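Q: Please take a close look at one part of this model, a proline and the bond that leads into it, and then set that part in the context of the whole chain.

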Amino acid sequence: MSLDPSRLAPMANAIRALSMDAVQAANSGHPGMPMGMADVATVLWSKYLKFDPGAPDWPDRDRFVLSAGHGSMLIYALLHLSGYAAPTMDDIANFRQIDRPCAGHPENFLLDGVECTTGPLGQGVAMAVGMAIAERQLNAHFGDDLVNHRTWAVAGDGCLMEGINHEAIGLAGHLKLGHLTVLWDDNNITIDGSADLSTSEDVKARHVSAGWHVVSCDGHDTDAISRAIEEAMADDRPSLIACKTIIGKGAPNKQGTSATHGAPLGPDEIAAARKMLGWDHEPFVVPDDIIADWHGTGQRGAEAHSAWKSRFENSARMAEFETRMGDPGDRAGRAIEDHIRSLAADPQKVATRKASEMALGPLTAALPQMIGGSADLTGSNNTKTPSTVPFSADDYSGRYIYYGIREFGMAAAMNGMALHGGIIPYGGTFLIFSDYCRNAIRLSALQETRAIYVMTHDSIGLGEDGPTHQPVEQVMSLRLVPNLNVYRPCDAIETAECWALSLQMPATPSVLALSRQGLPQMRGEGDAEWTSASNRSARGAYRLSVASAGRKVVLVATGSEVHLAADVAAVLEQQGVGADVVSMPCAELFDAQDAEYRADILPADVLKVSIEAGSTRGWERYTGTEGINIGLDRFGASAPAGDLFSKFGFTADAIVPKIINKLNS
């Protein structure tokens with residue numbers, strides 16, 4: 001399509017009109033960013049972005065990320081105008097309304113063409129880094145014929161201020177992700193007012209120091225925008241294009257001010273903007289000739305898609321590519337069958353972080369889409385295997401990423417990789433640092449991505465590093481996140497089972513909370529012929545051992561406290577008190593079971609006791625208010641692990657009297 005300014009200007013003004021009208025109709029939203037970036041977006045979509053509205057999930061499409069998600073009307077206008085089936089004009093007219101797809105911030109599960117959910121500033125750029133990593137990794141494996149696309153992100157001043165931006169651009173620059181371009185909406189405005197109120201850093205110099213190519217342009221000069229994009233595409237480094245823009249461009253009395261940032265323009269200003277822009281059409285009406293020009297933007301991508309499809313159908317690697325981009329299904333379970341059977345035959349007393357490494361061996365060998373990494377804790381998280389050689393600027397075929405001390409950036413990049421497709425990312429850090437990752441983990445759940453977080457050193461059992469590193473509230477707080485499975489396995493077999501479950505759930509992220517200290521193997525009998533169908537952890541909780549004497553107690557435990565529960569049960573049985581031991585590796589999966597199963601595992605007519613070396617808050621839902629909750633509702637201390645468990649009452653000698661007293665009360 002020609003970059004004739006006389007045609008591009010009305011196209012950009014269509015974005016401006018739809019944005020200000022939709023925000024006004026909703027009486028809520030951010031018109032300024034889409035109005036300011038309309039020219040940049042029009043140039044990008046009309047000449048450079050590779051997309052096909054008729055095939056929004058085409059694997060070799062370019063990825064477009066609106067990191068500045070508050071300006072969501074930009075992406076909604078672009079999708080509608082360029083010919084995507086949704087959003088419709090009626091959807092746009094119902095911006096920010098219940099059960100309509102044009103949400104306040106873009107949500108990937110509501111609209112095709114929205115590659116990721118954005119709004120928490122900075123994470124869009126970090127997810128774009130993950131998408132660019134995925135593209136290079138797949139390109140290294142399948143070549144240019146099947147994988148050769150770019151990732152584009154629109155970011156605002158806020159995105160570049162957030163701490164995660166420093167992590168993300170440092171990683172991208174180090175890896176020389178030349179197919180990544182960030183278009184910075186350089187308007188010098190935040191909600192509070194001029195950005196000068198809060199920052200004086202040289203953003204461009206910071207990117208240069210991180211190994212980025214940087215170019216500036218007038219964000220309202222279509223030729224200058226085009227030149228900057230072409231310069232970026234020609235460079236083998238990730239690029240930042242500083243697009244100098246006027247926020248709210250076209251609103252004569254409010255443009256260039258924070259008044260356009262987070263509120264409707266108002267009827268009078270919209271009328272004035274229509275006059276200034278020469279836009280004399282009614283709200284939510286775009287003339288046919290402008291619609292035709294916009295629909296033409298997808299034609300180039302449709303042709304590229306057709307050519308790609310021809311190459312794909314004639315490729316000797318078509319089946320392999322389809323397998324890689326598809327869901328692995330039960331292949332994870334099959335991959336660890338022999339491993340679990342060998343554990344049943346030869347029990348191992350190992351830390352569950354080591355058990356995770358043992359399971360990852362056959363899993364990463366069988367599933368090439370698994371890309372691992374760690375935030376500078378590889379030797380502690382045990383996340384690297386012989387199959388996962390390093391991914392680097394010199395070798396994009398690698399499957400292991402050294403993220404450095406960038407926990408938040410790692411988690412967000414994992415989301416980007418998972419959303420891209422063809423990659424199942426897993427990454428490690430200490431469980432205590434899940435708080436650094438927290439908002440990205442939440443976005444994993446909201447976006448329904450299969451990101452797997454390997455969080456080791458999961459309790460006071462890590463010992464001498466003390467309370468700064470000992471998780472107390474982290475496991476329970478992570479259980480509060482909807483659509484997140486938190487696994488805390490008790491031994492090597494449960495750890496392998498939890499890995500298989502994590503890999504089999506494409507729309508649910510997982511946290512594996514793993515021990516530093518060695519744990520005895522609690523399973524084995526009955527697992528000699530293990531298959532995916534016999535995965536006991538799939539129920540979330542199950543009866544590990546059955547009371548011998550008349551059952552009066554059910555002990556429910558997770559992770560490193562399951563063997564303690566078994567010790568407590570043994571003492572109780574010696575005193576004639578029957579006690580079941582229930583292992584609960586995943587509370588979320590247990591909650592999803594039917595009422596009959598849950599009632600069978602946790603019957604109403606017994607004393608229920610929970611044991612977990614962490615916060616007790618929340619365990620009442622399983623034990624009832626008359627049950628006993630053994631845990632840690634204070635910070636830990638610096639000492640050897642055994643001394644800490646004794647000090648804080650995690651021994652049979654400390655727990656059994658509490659149970660007997662309760663039974664006798």
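A: The proline in question is Pro87, which sits in the loop between helix α4 (73-82) and helix α5 (89-93). The structure is a predicted model, and the peptide bond between Ala86 and Pro87 is modelled as cis, with omega at about 10°.

The surroundings of this loop can be approached through Trp45, whose contacts beyond four places in sequence include Ile75, Leu78, Leu79 and Ser82, together with Tyr84. The contacts of Trp45 also take in Phe51 and Phe64, as well as Trp294, Thr297 and Arg300. Trp45 is, along with Phe64 and Leu183, one of the residues with the most contacts inside the largest nonpolar core, a set of 128 residues. Helix α6 (residues 123-142) is the element that gives the most to this core, contributing eleven residues. A second core, separate from that one, has 49 residues, among them Val568, Ile601, Leu607 and Leu644. In soluble globular proteins, nonpolar side chains tend to be buried together.

Other loops of the model also deserve attention for their backbone geometry. Glu448, in the loop between α19 (434-447) and β12 (452-456), has a positive phi of about 60° although it is not a glycine. Asn483, which lies in the loop between α20 (474-478) and β13 (485-487), likewise has a positive phi of about 60° without being a glycine. Glu448 has a relative accessible area of 43% and is therefore partly exposed, and Asn483, at 32% relative accessibility, also counts as partly exposed.

The loop between α20 and β13 holds Arg479 as well, and this arginine is buried, because its relative accessible area is 15% and the limit for a buried residue is under 20%. Setting aside residues up to four places away in sequence, Arg479 touches two glutamates, Glu588 and Glu612, and also Val486, Thr558, Ala587 and Trp619. The C-alpha atom of Arg479 is 9.3 Å from that of Gly618, although 139 residues separate the two along the chain.

A second charged residue that is buried is Asp580, whose relative accessible area is 0% and whose place is in strand β18 (residues 578-583). Apart from residues up to four places away in sequence, Asp580 touches Arg543 and Arg551, along with Ser545, Val546, Ala547, Val553, Val554 and Leu555. Between the C-alpha atoms of Asp580 and Val23 there are 59 Å, and the two residues are 557 apart along the chain.

Two threonines in loops are buried too. Thr260 belongs to the loop between β7 (239-244) and α11 (267-277), and with 0% relative accessibility it counts as buried. Beyond its neighbours within four places in sequence, Thr260 is in contact with His30, Pro31 and Gly32, with Ile247 and Gly248, and with Lys254, Gln255 and Leu265. Thr388, in the loop between α17 (378-381) and β10 (400-402), is buried at 0% relative accessibility as well. Once its neighbours within four places in sequence are left aside, Thr388 is in contact with Thr364, Arg399, Tyr400 and Tyr426. Thr388 and Thr42, which are 346 residues apart along the chain, have their C-alpha atoms separated by 41 Å.

These parts belong to a protein with 27 helices and 20 strands, whose C-alpha atoms fill a box of roughly 90 × 55 × 45 Å along the principal axes. A compact globule of 665 residues would have a radius of gyration near 26 Å, and the 28 Å of this protein agrees with that. Of its residues, 61% count as buried, and among contacts between residues at least 6 apart in sequence, 77% join residues at least 24 apart. The protein exposes about 23,600 Å², of which carbon and sulfur atoms supply 49%. Its side chains include 54 positive and 81 negative ones, and the centres of the two sets lie 3 Å apart.

Notes: Residues are numbered from 1 along each chain as its sequence is written. This is a predicted model: local features need pLDDT of at least 70, side-chain atom pairs count only at pLDDT 80 or more; totals for chains, interfaces and linings use all residues. Side-chain values use heavy atoms; hydrogens and water are left out. Helices (H or I, at least four residues) and strands (E, at least two) are DSSP runs, numbered from the N terminus. The radius of gyration is taken over C-alpha atoms; the globule rule is 2.2 Å times the number of residues to the power 0.38. Buried means under 20% relative accessible area, exposed over 50%, partly exposed in between (1.4 Å probe, protein chains only). Contact means heavy atoms within 4.5 Å. Accessible areas come from the Shrake-Rupley method with a 1.4 Å probe; for residues, only the protein chains shown count as cover. Lys and Arg count as positive and Asp and Glu as negative; His and the chain ends are not counted. The place of a charge is taken as NZ of Lys, CZ of Arg, CG of Asp or CD of Glu. A nonpolar core is a set of buried Ala, Val, Leu, Ile, Met, Phe, Trp, Tyr and Cys residues joined through side-chain atoms within 4.5 Å.
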